[in-house]
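Let's walk through this chain together, with the model open beside you. We will begin at the surface and then follow the helices.

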Amino acid sequence: MPPKPRIQIPAHVFVYTIAFIPGVAYAYHWYENAPTDEEYEKELRKNYTHNIETSREKHGQMSNFLQNMKDSNSDQQKKMDQIL
């Protein structure tokens, strides 16, 4: 009869450990090879410059609109009064 092992690992723990190994390996690989923040920002600027500019323009327009809505003497407020 073979000797009883000193350490017994339950079957479910063994299965979960084997299942998590690929995820942990990928996370380690990504952590070691991930681009730095500067590289990532450079890539985003290269690929999405148009979207960034459009977003800034829309933000400026919305800020201007809201500022004009606060001012009761603005042309925007007169237009809104005509519509309503």
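Ten residues, I7, I9, V13, F14, V15, Y16, I18, F20, I21 and V24, make a nonpolar surface patch of about 1100 Å². As you look for them, keep in mind that this is a predicted model. I7 sits in the segment before α1, the helix that covers residues 11-33. With a relative accessibility of 68%, I7 counts as exposed, because the cut-off for that label is over 50%. R6 belongs to the segment before α1 too, and R6 is exposed, at 87% relative accessible area.

Now move along to α1 itself. How well does the distance between its ends agree with the length expected from its residues? At 1.5 Å a residue, the 23 residues of α1 should span 33 Å, and the end C-alpha atoms lie 34 Å apart, so the two values agree. There is still a bend to find on the way: α1 turns by about 30° at I21, with a proline, P22, following within four residues. I21 is also one of the residues in the nonpolar patch.

Helix α2, residues 37-70, tells another story. Its 34 residues would reach 50 Å as a straight helix at 1.5 Å a residue, but the end C-alpha atoms are only 39 Å apart. Where should you look along α2 for a kink? Centre your view on Y48, where α2 kinks by about 85°.

While you are in α2, have a look at E41 and R45. These two form a salt bridge, with their closest N and O atoms 3.0 Å apart, and the count for the model comes to 1 salt bridge. Why can they pair up along the helix? An α-helix has 3.6 residues a turn, so residues three or four places apart point the same way. E41 and R45 are 4 residues apart in α2, which means that about one helical turn separates them. Both partners are partly exposed: E41 has a relative accessible area of 42%, and R45 has 43%.

Past α2, the loop leading to α3 holds N73. Is N73 buried or exposed? It is exposed, because its relative accessible area is 61%.

Two distances help to give a sense of scale. The C-alpha atoms of N73 and T49 are separated by 37 Å, with their positions 24 residues apart along the chain. For R6 and K58, 52 residues apart along the chain, the C-alpha separation is 68 Å.

Finally, a word on confidence. Across the chain the mean pLDDT is 87, and 99% of the residues reach 70 or more. Confidence is highest in α1, at a mean of 95, and lowest in helix α3 (residues 75-83), at a mean of 75.

Technical notes:
Residues numbered from 1 in each chain as written. Predicted model: local features only at pLDDT ≥ 70, side-chain atom pairs only at ≥ 80, totals over all residues. Heavy atoms only, no water. Patch = residues over 30% accessible without salt bridge, like charges linked within 9 Å, V, L, I, M, F, W, Y side chains within 5 Å. Areas by Shrake-Rupley, 256 points an atom, 1.4 Å probe, with all protein chains shown as cover. Salt bridge = Lys/Arg side-chain N within 4 Å of Asp/Glu carboxyl O. Helix = DSSP H or I, 4+ residues; strand = E, 2+ residues; numbered from the N terminus. Buried < 20%, exposed > 50% of the residue type's maximum accessible area, 1.4 Å probe, protein only. Expected span 1.5 Å × (residues − 1). Bend = angle between axes of the 7 residues up to and from the residue. pLDDT = per-residue confidence, 0-100.
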